[in-house]
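User: I'm new to reading protein models. Could you walk me through this one, feature by feature?

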Amino acid sequence: MEQKLPYLNFDNYVLRMPLLPVDHFLKLTAGKEVSDENIKKQFENPVVKEAVFLASPVLYREIEKWVSGNSKDPKEIQKIRLSFLKYLTRMASRSTPFGLFAGCGLGTFAEENAIRNADYTQNKRHTRLDMNFVGALNQSFTTNPSIREQLRYYPNSSLYFIGDHIRYVECLYKNGNRIHHLIEIEGSDYIRDCLKQAQTGVLKSVLAEALVSDEITEAEATEFIDELIDNQILVSEMELSVSGTEFIGQTLNILKKIKGAETLVSLLEEVAAKIDALDHTLGNDPERYHDLIETLRRFEIPFDEKFIFQTDMFLNASRNVLAQEVTVPLKKAITVLNRITPKNENQQLQQFMEKFRQRYEDREVPLSLVLDNELGIGYPVNNYKGGINTLLHNIRVPNVGTQKRKEVRWTALDSILYRKMQEARENKSAVIRIEEADLKGTEAGWDDLPDTFSVVAEVVKGEKEEQLVIRSVGGSGAANLMGRFCLGDPEMDKHARTIIRAEEELNPDKLVSEIIHLPENRVGNVLMRPDFRQFEIPYLATSGKPTENQLPITDLYVSVKSGRIVVRSRKHNKEVLPRLTNAHNYSHNSLPVYHFLCDLQAQGKRGGLYLNWGVHRDESNFLPRVEYENVILSKAKWKVLGNEFEKLKTIDTISGLADVTQWRDERKIPQYVFLVEGDNKLLLNLENLTSFQMLVSAVAKKSVFELEEFLGTDATLVGGNETEYFANEFIFSFFKTRS
């Protein structure tokens, strides 16, 4: 018998929405082309100007030159106008938050659907220094001799002992990027004593004084401590953090305790005041940013003007409520997707478990040793490549004998979709509908879903009523998608903490702990969030928690029990459940410890619930829309090969649009579609030459690309002033009920 959905939704949801209404794009591209005058006119809008400046100061300056008549090269002008149009399109069609292009806000379930966005110039905003600049400023502070003498120092959070040797990860900077190296040094009693003394933070002078003896002079002791600091065996309290107070607040708290730092404190407070002043308005003159940049130059450090400010926008909706009834079709869709999503295990965790059993059997082993790529198993298993010989790095090796045979696994869902697609072709329909009869014999299983998860959905206008479009279902935790916005919006922060408390209540006998790690400076813009949880696992980043609430990697031990990987805190003698409460795509080129702890979030869980097109995605050049009752599970998609599109790339006149129309008629592609590139989507009007040229520019070097139907040409419940309406995304969050 099928189990009832054992999840309930939280009382709040998150609404995400672009800066400009959809009809702004529709009006802009309503003619056969967008004139230069019309595009230039958009630059008169102060909010648009500020949004473009924050996104790309370089493009902003190029647009300024073009608008003022100082750009003469036709090719450069075409590049500028298409780039600006792309930004304008993004501001009116894509809901994913990005600078001032799109923002988010908290909504509440009530008795009615009523969402009205106030004048977008009244939206709230939160600006902070970009983490790329923060990293450079932090380096300048920590290498300042006067400041260095007065900072407290701690052991490197990646440090661990292997017999008489010490291993740790050293961070080096190359072209502003953090490069990590595993370092091994021979241990000594002196180093061990220093590390022990530094556990709770200690001044450099205190460490040096403890070393002074009949054999060691004060100068020698100081030089020794300097070497430990220079080689990052000891790190200062000013090490970057991605949890808690933002950088300016963190740094001011430290600098105010340091003698002789009054000038730096005053300058940093001046910067903070100017940033705060910017956040009082949308539509600031970019000259105010130039003034702030000149203030930052007084720190006398090199920086890239492209990476100075990070801004988030929050919606100032006059009304933002949804009827609870909207969750009824949502829950049905979740159940259907559950029934058709295959069971899957994280293969990297599975390989790790097998390797662990072979090597360690039933033993419990220090996490740092297990994940050592040379002495332990590493992670992912067999992924360690060692150093790269630069002499061979750029040599191309012919692809001889490496072509693999493609294996196809045909599932029950593939059969259903195949039959439905055949019926759709016969009926000349672009829509297929999944019925309950199609799912006979399938059951929903809920044991392999996380304690909390999110559903991202869009509301569009259907033929008879509004429809939900499912974007995604899943995530290791429901607070992940809002983590980085919580420092700028107290309501969002409160909602995230409600979700996190629910996760902790469902695991009362375990330590649900936040992973604190900064892999790259600019990634910190995504990673920065409040200190949500009682416990944190710091790894190459500072934790603001008291020592008793930090779980260093030397405190963590790993074992495999009952088919599960178990991480235990030796200090607390409890199992640790690592969590990363943000949307960082952590698996790319990450350190073993970080990758492993993040992957553990999904142990024994399905990565998400979705409609998987399987073999049809590769073999079909058209995938119809898929609906279940009044919910769209997947939008219609067209795969376009370069050879069929080659002739259309040369079109540069309005008369050439006839060829585009003929191609569209043959492929049954509608006027408005998205160009899909990974997570990015660009809205196109294929009956407008300028918009079509934007497509040509984007796919110029592609052999294949994907288009997706756009369903936002009719007004939805997300409205603005008068007849305006907005593209939208809702994040609905669910939690597991106690059994």
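**Reading the model step by step**

Analyst: Let's start with cysteines, keeping in mind that this is a predicted model. Searching the whole structure for disulfides turns up 0.

User: Why does Cys486 have no bond to another cysteine sulfur?

Analyst: The general idea is to check the distance between sulfurs, because a disulfide needs a pair within 2.5 Å. For Cys486, the closest cysteine sulfur belongs to Cys104 and lies 8.7 Å away, so that's too far for a bond. Cys598 is in a similar spot: its closest cysteine sulfur, in Cys171, is 16 Å away, again too far.

User: And are those two buried or exposed?

Analyst: Here you look at relative accessible area, and under 20% means buried. Cys486 has 4%, so it counts as buried. Cys598, at 1%, is buried too.

User: How do I read a sheet? Which strands are in it, and in what order?

Analyst: Follow the strands from one edge to the other. This open sheet has 6 of them, running β13-β19-β20-β21-β17-β18, with mixed pairing. At the edges sit β13 (365–366) and β18 (535–538), each pairing on one side only. Helix α20 (residues 592–599) packs on the sheet, where it touches β17, β18, β19, β20 and β21. The direction of α20 makes about 140° with that of β17.

User: What does one strand pair look like up close?

Analyst: Take β19 (residues 556–561) and β20 (residues 564–569): they pair in the antiparallel sense over 6 bridges. To see one bridge, find Val560, whose partner in β20 is Ile565.

User: What about two helices packing? At what angle do α3 and α13 pack?

Analyst: Look at the angle and the axis distance together. Helix α3 (residues 46–55) packs on helix α13 (residues 286–297) at about 35°, and their axes are 9 Å apart. On the α3 side you'll find Glu50, Phe53 and Leu54, which meet Pro286, Tyr289 and His290 of α13. Sorted by class, that contact has 4 nonpolar, 1 polar and 1 charged residues.

User: Now a loop residue. Where is Gly604, and what does it touch?

Analyst: Gly604 sits in the loop between α20 and β22 (608–609). Leaving out residues up to four places away in sequence, Gly604 touches Glu345 and Asp448. Its relative accessible area is 33%, so Gly604 is partly exposed.

User: Last one: how confident is the prediction?

Analyst: Check the average, then look for weak stretches. The chain averages a pLDDT of 92, and 96% of the residues score at least 70. Over residues 387–402, though, pLDDT stays under 50, and the model has 1 contact beyond four places in sequence for that stretch.

Definitions and conventions:
Residues numbered from 1 in each chain as written. Predicted model: local features only at pLDDT ≥ 70, side-chain atom pairs only at ≥ 80, totals over all residues. Heavy atoms only, no water. Pairing = 2+ DSSP bridges. Helix = DSSP H or I, 4+ residues; strand = E, 2+ residues; numbered from the N terminus. Contact = heavy atoms within 4.5 Å. Axes fitted to C-alpha atoms, helices over the stretch in contact; angles between N-to-C directions. Nonpolar A, V, L, I, M, F, W, Y, C, P; charged D, E, K, R; others polar. Buried < 20%, exposed > 50% of the residue type's maximum accessible area, 1.4 Å probe, protein only. pLDDT = per-residue confidence, 0-100.
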